[in-house]
Amino acid sequence: MQLLLVSPVLFSFLYQLCFVEKIDRTYFKLRSNCDYCYRQLRFYEMIPIFSFLIQKGKTNCCRYRLNCCYFIGETLALFPGFYELQFPALLDIDYATFLLIYLFLLVFALYDFTTFTIPIHMLFIFSCCVCVIAHIHVISFLFVSSLLHLIYFFCKKSIGYGDILLFSVLSLAVPYTFFRYIFLLTFIIGGIFAIVYFLIIKNSKQRVPLIPFIFLAFNLTIIFQQTTHYGGMFI
Ligand SMILES: [Zn+2]
């Protein structure tokens, strides 16, 4: 249950790291500042979720609106904490790998939602963490990565290269049986959403971020695997 506190803090750290343009030794000595007037934040202004609620979504110093992605992300980051004790041992991935992928996908999803891009330095950090924490699947990675690059070569306008790289890293982190469900569900849910969205706004040139759907598909795959496991089957 300690993760109920640690997980939102980890999310906040990773999300602000997305916007850092230069990482060197001085970065780790920096204190947290207001995004607008750069006043150093007090301890109680850095408590995840509560500081946003107490300050009513505005900064204390200059009364600017706080970035609500922090609040959404920190709230969603609570879920792995609730899940910690009930995480089934027989799933295709262990809890550490689940937590790693969950937090990074959450960060990437919110960043993609606001900017339609993926921070490449964060993808590099994610890849390094996968190699250290997860059981890696090199053969599956080589196969999936080659196939995805081939798809990208023919459909450059339909999918971003950041999405291709993220899918490739995921194929390294999880077994192929698990990855194929994430991949399929991403495009099924994303496709249905895009059709409904384009019918409503009637502008097919509007872009739709893909990573929020990868995050959703990852969670649905966990739930789906858990359900089938307890139901007596195993996919
Ligand atoms: Zn301020």
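Helices here are DSSP runs of H or I covering at least four residues, numbered from the N terminus. With that settled, here's a walk through this predicted model, beginning at the surface.

## A greasy spot on the outside

Helix α7 is the one to look at: α7 gives the most to a nonpolar surface patch, with six residues. The patch covers about 760 Å² and is made by F143, L147, L150, I151, F153, F154 and Y176. Take F143 as an example. F143 sits in helix α7, and its relative accessibility is 48%, so F143 counts as partly exposed rather than exposed, a label that needs over 50%.

## Into the core

Now for the inside. In soluble globular proteins, nonpolar side chains tend to be buried together. In this model the largest nonpolar core has 57 residues, and those with the most contacts inside it are F108, F126, L166, I214 and F218. Plenty of helices chip in: α1 (3–18), α3 (68–76), α5 (95–115), α6 (120–133), α7 (138–154), α8 (161–173), α9 (176–201) and α10 (211–230) each supply at least two residues of the core. The largest share, 15 residues, comes from α5.

What does F108 touch, leaving aside residues up to four places away in sequence? The list runs to I118, P119, M122, L123, F126, L166 and I211.

L123, one of those partners of F108, is worth a stop of its own. L123 belongs to helix α6. Is L123 buried or exposed? Its relative accessible area is 5%, which is under the 20% cut-off, so L123 is buried. Again skipping residues up to four places away in sequence, L123 touches F108, I118, L165, L166 and V169. That puts L166 on the contact lists of F108 and of L123. As for distances along the chain, L123 and E21 are 102 residues apart in sequence, while their C-alpha atoms are 14 Å apart in space.

## Rings with rings

Aromatic side chains give you something else to look for, with a count of 26 aromatic pairs. One of them joins Y95 and F98: the ring centres are 5.8 Å apart, the planes make an angle of 45 degrees, and the pair is classed as tilted. Why do these two sit about one helical turn apart? Y95 and F98 are three residues apart in helix α5, and that spacing is why about one helical turn separates them. Y95 is buried, with a relative accessible area of 16%, and F98 is buried too, at 3%.

The pair is also part of a wider group, since Y95, F98, Y102, F178, F215 and F218 form one aromatic cluster. F218 has turned up before, among the residues with the most contacts inside the largest nonpolar core.

## One glutamate, two arginines

Side chains of opposite charge can pair when their charged atoms come close. The count for this model is two salt bridges, and here they are:

| Salt bridge | N to O distance |
|---|---|
| E45 and R39 | 2.9 Å |
| E45 and R42 | 3.8 Å |

E45 takes part in the bridge to R39 and in the bridge to R42. Shared partners join R39, R42 and E45 into one network. How covered are the members? E45 counts as buried, with 8% relative accessibility. R39 is partly exposed at 23%, and R42 is partly exposed at 43%.

## Two odd backbone spots

To finish, look at the loop between α2 (50–54) and α3, where you'll find K56. K56 has a positive phi of about 55 degrees although it is not a glycine. K56 counts as exposed, since its relative accessibility is 72%.

R63 is in the loop between α2 and α3 as well. Phi of R63 is near 60 degrees, again a positive value in a residue other than glycine. With a relative accessible area of 47%, R63 is partly exposed.

Methods
Residues are numbered from 1 along each chain as its sequence is written. This is a predicted model: local features need pLDDT of at least 70, side-chain atom pairs count only at pLDDT 80 or more; totals for chains, interfaces and linings use all residues. Side-chain values use heavy atoms; hydrogens and water are left out. A nonpolar core is a set of buried Ala, Val, Leu, Ile, Met, Phe, Trp, Tyr and Cys residues joined through side-chain atoms within 4.5 Å. Buried means under 20% relative accessible area, exposed over 50%, partly exposed in between (1.4 Å probe, protein chains only). Contact means heavy atoms within 4.5 Å. Patches are made of residues with over 30% relative accessible area and no salt bridge: like charges are joined within 9 Å, nonpolar side chains (Val, Leu, Ile, Met, Phe, Trp, Tyr) within 5 Å. Accessible areas come from the Shrake-Rupley method with a 1.4 Å probe; for residues, only the protein chains shown count as cover. A salt bridge is a side-chain nitrogen of Lys or Arg within 4 Å of a carboxyl oxygen of Asp or Glu. Rings of Phe, Tyr and Trp (its six-membered ring) pair if their centres lie within 6.5 Å; planes under 30 degrees apart count as stacked, over 60 as edge-to-face and the rest as tilted.
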